[in-house]
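Here's a quick tour of a protein model, built around one residue, one sheet and a handful of charged pairs. Have the structure open while you read.

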Amino acid sequence: LGTSFDRMYPDGRKLHLELLANPSHLEAVNPLVLGKTKAKMYFEGDNDGVNSMPILIHGDAAIAGQGIVYESMQMCGLDGYQTGGTIHIVCNNQVGFTANPDQSRSTLYASDIGKSFDAPIFHVNADHPEEVTRVFELAAEWRARWRTDVIIDLIGYRRHGHNEIDQPFFTQPAMYREISRHPTALQLYSESLLNEGVVGEEDIKSVHGTVQEIFEKAFADADSYKSKDSDWFSQQFNYKNQVTKTYKTGVESDVLSQVTKALTALPEGFELHTQLKRILKAKEKTITEGKNIDWGTAEAMAFGTLLMEGVHVRLSGQDSERGTFSHRHAVLHDQKTGNKYAPLNNITPNQPAKASIISSPLSEFGVLGFELGYSQETENQLVLWEAQFGDFSNGAQVIIDQFLSSMENKWGVQSGLVLLLPHGYQGMGPEHSSCRLERFLLMCDEEEDVVQDMEEDQRMQIQQANWQVVNCTTPANYFHVLRRQIHRPFRKPLIVVSP
């Protein structure tokens, strides 16, 4: 479970802290933290991450061994994903469950991955509290000044086993003989202060007693404490009791006309590729005649009409600006200057919301996780991740299994994230097979033995499921299913396996 609370300081400052819910799959939550931070930055107009800061806590074996760490750090300098720097804290116990460092990595330090990104790395002895404090302050100052990732390698030890019943002497006997004789950090620091004459024995006893009282009181109060939703979520989409009615997803013709006109208009002097000129001319013809609208145009119309309603649209994935199959062309390139032009952001001079269409790094796990985190910040946005080909979704299987399919049931967290899996239904041979539609259907948690009440004022079939899987048969279906993600009063992930 995650948590969320506001910390008040004596001088009146308020700091909001949020811990995202995360599974036992190590490091898998990293891109979600970055995505949620990016969403906060976007909606606050905070381009540099001045008001928000992501902090990731790693184990020494996990930061070196889990590939998602690299995928997440790769985003640190990319416009569509940068968060003004992440502070990485490596809780370095010098052991990974039962594996020694020489079994866990090929580098000297667990934190050496930071060298790939020119991130400063501070190694500090966890037995020295004042040095630890200095390093943490230095890391925060570096991030505030230079807006890059920073790594703190907090080198300590694990006094007991991996869990309450684990026996570490089985695999690290020499190490744990030393640890069993080693004083605690509290004992070492107390002795140091006494030797320096900073405090006396009574001062130490007083502080120790006060802290122990706080712990004991919190433990005693735990049984009677009544939690609030705000203790778990900073943003909670409170739609638990909404019925699944049919909601209007159509659009007035004058709004559609305004959007479609922008899709084929270009700035004066913009030199478009010759082939694209023909494509835009054909698009304009189908729009004018109102027939033979293709998938890309239907999608753009859905995006544009939502933007005109004040709904932020964000789509990212490999080659998503153009579309893998040249089906989108949401971002156009001047053939002489290379300048970019996004028709969806030029519908009107003062349109209520903007679109972010981003070609992502070559990553599925990291980018899908990022977009899932982004989608959790507010319900007033349509967030989509597009696989380059439908079957590439298996590169993000951990996000799909541990988060997307189960997070509402496990943690009460809702998301309206859309997965676009091109050619996911039919596939294209053994190396571009289908998206394995059967996996998504098997992971639907609808009770097959329960007949749902389908009266409109009682219907909750979709509400009680974990997600929706659709195979749109026409561009019109696609237009309406995208708009429905916003126009119904609850959020569910949407898996689209077409076109």
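A residue counts as buried when its relative accessible area is under 20%, and as exposed when that area is over 50%, with partly exposed in between. At 1% relative accessibility, Arg483 therefore counts as buried. Keep in mind that this is a predicted model.

**Arg483 and its surroundings**

- You'll find Arg483 in helix α17, which covers residues 475–487.
- Which residues does Arg483 touch, leaving aside its neighbours within four places in sequence? They are Thr249, Gly250, Val251, Ala302, Thr305, Leu306 and Glu309.
- A polar atom of the Arg483 side chain sits 2.7 Å from the backbone oxygen of Thr249.
- Arg483 also forms a salt bridge with Glu309, with their closest N and O atoms 2.8 Å apart.
- That pair links distant parts of the chain, since Glu309 is in the loop between α12 and β7 while Arg483 is in α17, 174 residues away.
- Glu309 has a relative accessible area of 38%, so this partner is partly exposed.

**The six-stranded sheet**

- Six strands make an open sheet with parallel pairing, in the order β10-β7-β11-β12-β14-β13.
- The edges belong to β10 (355–359) and β13 (468–470); each has a single partner strand, so one side of each is left without a neighbour in the sheet.
- On average, neighbouring strands of this sheet are turned by 15 degrees against each other, direction ignored.
- Take β12 (residues 418–420) and β14 (residues 494–496): they run parallel and are joined by three bridges. Here Val418 stands opposite Leu494 in β14.
- Helix α12 (residues 295–308) packs on the sheet, where it touches β7, β10, β11 and β12. The direction of α12 makes about 140 degrees with that of β7.
- Helix α17, the home of Arg483, lies across β11, β12, β13 and β14, at about 125 degrees to β11.

**More charged pairs**

- Side chains of opposite charge can pair when their charged atoms come close.
- How many salt bridges turn up in the whole structure? The search finds 16.
- In one of them, Lys36 meets Glu377 at 2.9 Å, N to O. Lys36 lies in helix α1 and Glu377 in the loop between α13 and β11, so the pair ties together parts that are 341 residues apart in sequence.
- Both Lys36 and Glu377 are buried, and they belong to a salt-bridge network with Glu18 and Lys40.
- Lys285 and Glu289 form a salt bridge too (2.9 Å, N to O). Both lie in helix α11, four residues apart, or about one turn of the helix.
- Glu289 is partly exposed, at 40% relative accessibility.

Notes:
Residues are numbered from 1 along each chain as its sequence is written. This is a predicted model: local features need pLDDT of at least 70, side-chain atom pairs count only at pLDDT 80 or more; totals for chains, interfaces and linings use all residues. Side-chain values use heavy atoms; hydrogens and water are left out. Helices (H or I, at least four residues) and strands (E, at least two) are DSSP runs, numbered from the N terminus. A polar contact is a pair of N or O atoms within 3.5 Å; within protein, one must be able to donate a hydrogen and the other to accept it, and residues adjacent in sequence count only if both atoms are side-chain atoms. Contact means heavy atoms within 4.5 Å. Two strands pair if DSSP finds at least two bridges between them. Axes are lines fitted to C-alpha atoms, for helices over the stretch in contact, and angles run from 0 to 180 degrees between N-to-C directions. A salt bridge is a side-chain nitrogen of Lys or Arg within 4 Å of a carboxyl oxygen of Asp or Glu. Buried means under 20% relative accessible area, exposed over 50%, partly exposed in between (1.4 Å probe, protein chains only).
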